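The exercises below are meant to be worked through slowly, with the sequence and the structure open beside the text. Try each task before reading its solution.

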Amino acid sequence: MSIVKLNNQAVKNATSFGSISSLGSMTLIKKLTASSSGTLSFVDGASGVVLDNTYKEYLFTLNNIHPQNDDTHLYFNMSIDGGSNYNVAKTTTVFRTYHDEGDSVTLLDYRTGPDLAQGTGFQLIANGVGNLNDESSSGYLHLFNPSSTTFVKHFISKQTAYHESSGVMNHYVAGYGNTTSSVDAVIFQMSSGNIDAGDICLYGIL
């Protein structure tokens, strides 16, 4: 009971400011809309993108990412040289949950295939996305303090997809870019084909 009371008091104190969100602010920096796009990239200083020490936390929201090809995967990577190379070494964990529309298949498992151990390749964040008219993937990617020259670059991603096998697939990915250089660009792409539709918004959080 003491823990519940403590949590209730914390919520009460937070909401006394008007709302929990009023304790910080989230600023829309850039929205990219896909239209048969091979990649969607956010590069600090280009086209109004801010990805520097202005904010210590950045949030990418991915809305209805619709692939050109069926059963394709969504990936991301980071750059420390303004997008010339997307090859930051990453160590990550990955697990997924699945439930089909027929209520006959469920799963919860850790995935050793797409997790990385100092890998510089692209990190999978959504798996097996379908390409029928109503199929897509949505979710978010948090990137923490990318401009730090002291710490590694932590990130957390959660994506939910209409899987090509007619079910919902959730992917949970967390890890860090193992660099003390500033990360100044982030890119998203499918494993094959284009991103036909959908949008990605970048927010800065104070």
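**Exercise 1. A hairpin and its strands**

In the hairpin of β10 and β11, which residue takes a positive phi? Find it, and then describe how β11 pairs with other strands.

Solution. Please keep in mind from the start that this is a predicted model. Begin with the turn itself: the hairpin of β10 and β11 has three residues between its strands, and S166 takes a positive phi near 60° there. Next, follow the two strands away from the turn, where β10 and β11 pair in the antiparallel sense over eleven bridges; one example is S157, whose bridge partner in β11 is V173. Finally, look at the other pairing of β11 with strand β5: strand β5 (residues 90-100) and strand β11 (residues 167-177) are also antiparallel, with eleven bridges between them, and Y98 has M169 as its bridge partner in β11.

**Exercise 2. The surroundings of H163**

Is H163 buried or exposed? Work out the answer, and then list what this residue meets.

Solution. First place the residue: H163 is found in strand β10. Then compare its relative accessibility of 9% with the cut-off, which is under 20% for a buried residue, so H163 counts as buried. Now turn to its side chain, which makes a polar contact of 2.7 Å with the side chain of S165. When residues up to four places away in sequence are not counted, H163 touches Y98, N127, G128, G130, E135 and M169. Two of these names, Y98 and M169, have already appeared as bridge partners, with M169 lying in β11.

**Exercise 3. Aromatic pairs**

How many aromatic pairs does a search of the whole structure find? Examine two of them in detail.

Solution. The search finds seven aromatic pairs. Take F60 and F188 to begin with: their ring centres are 5.5 Å apart and their planes meet at 65°, and because an angle over 60 degrees is needed for this class, the pair is edge-to-face. F60 belongs to strand β3 (residues 57-67) and F188 to strand β12 (residues 185-190), so the pair ties together parts that are 128 residues apart in sequence. F60 has a relative accessibility of 0% and therefore counts as buried, and F188, also at 0%, counts as buried as well.

Continue with F76 and F155, whose ring centres are 5.1 Å apart and whose planes are at 80°, so this pair too is edge-to-face. This second pair links distant parts of the chain, with F76 in strand β4 (residues 72-79) and F155 in strand β10 (residues 153-163), 79 residues apart. Both F76 and F155 are buried. As a last step, put the rings together: F42, F60, F76, F155 and F188 form one aromatic cluster.

**Exercise 4. A salt bridge**

Which residue forms a salt bridge with R96? Describe the pair, and say how each member is covered.

Solution. Recall the principle that side chains of opposite charge can pair when their charged atoms come close. A search of the whole structure finds one salt bridge, and in it R96 is joined with D109, the closest N and O atoms being 2.9 Å apart. R96 lies in strand β5 and D109 in strand β6 (residues 106-110), so that the pair links parts of the chain 13 residues apart. The relative accessible area of R96 is 16%, so R96 is buried, whereas D109, at 27% relative accessibility, counts as partly exposed.

**Exercise 5. L40 and the whole chain**

Where is the place of L40? Describe its surroundings, and then step back to the protein chain.

Solution. L40 has its place in strand β2 (residues 40-43), and with a relative accessible area of 5% this residue is buried. Leaving aside neighbours within four places in sequence, L40 is in contact with L32, A34, V186, I187, F188, I195 and I200; F188 is also a member of the aromatic cluster. The C-alpha atoms of L40 and D199 are separated by 9.0 Å, although their positions lie 159 residues apart along the chain when counted as a sequence separation.

For the wider view, note that the protein chain has one helix and 13 strands, and that buried residues make up 43% of its 206 residues. Among contacts between residues at least 6 apart in sequence, 74% join residues at least 24 apart.

How values were computed:
Residues are numbered from 1 along each chain as its sequence is written. This is a predicted model: local features need pLDDT of at least 70, side-chain atom pairs count only at pLDDT 80 or more; totals for chains, interfaces and linings use all residues. Side-chain values use heavy atoms; hydrogens and water are left out. Rings of Phe, Tyr and Trp (its six-membered ring) pair if their centres lie within 6.5 Å; planes under 30 degrees apart count as stacked, over 60 as edge-to-face and the rest as tilted. Helices (H or I, at least four residues) and strands (E, at least two) are DSSP runs, numbered from the N terminus. Buried means under 20% relative accessible area, exposed over 50%, partly exposed in between (1.4 Å probe, protein chains only). Two strands pair if DSSP finds at least two bridges between them. A polar contact is a pair of N or O atoms within 3.5 Å; within protein, one must be able to donate a hydrogen and the other to accept it, and residues adjacent in sequence count only if both atoms are side-chain atoms. Contact means heavy atoms within 4.5 Å. A salt bridge is a side-chain nitrogen of Lys or Arg within 4 Å of a carboxyl oxygen of Asp or Glu.
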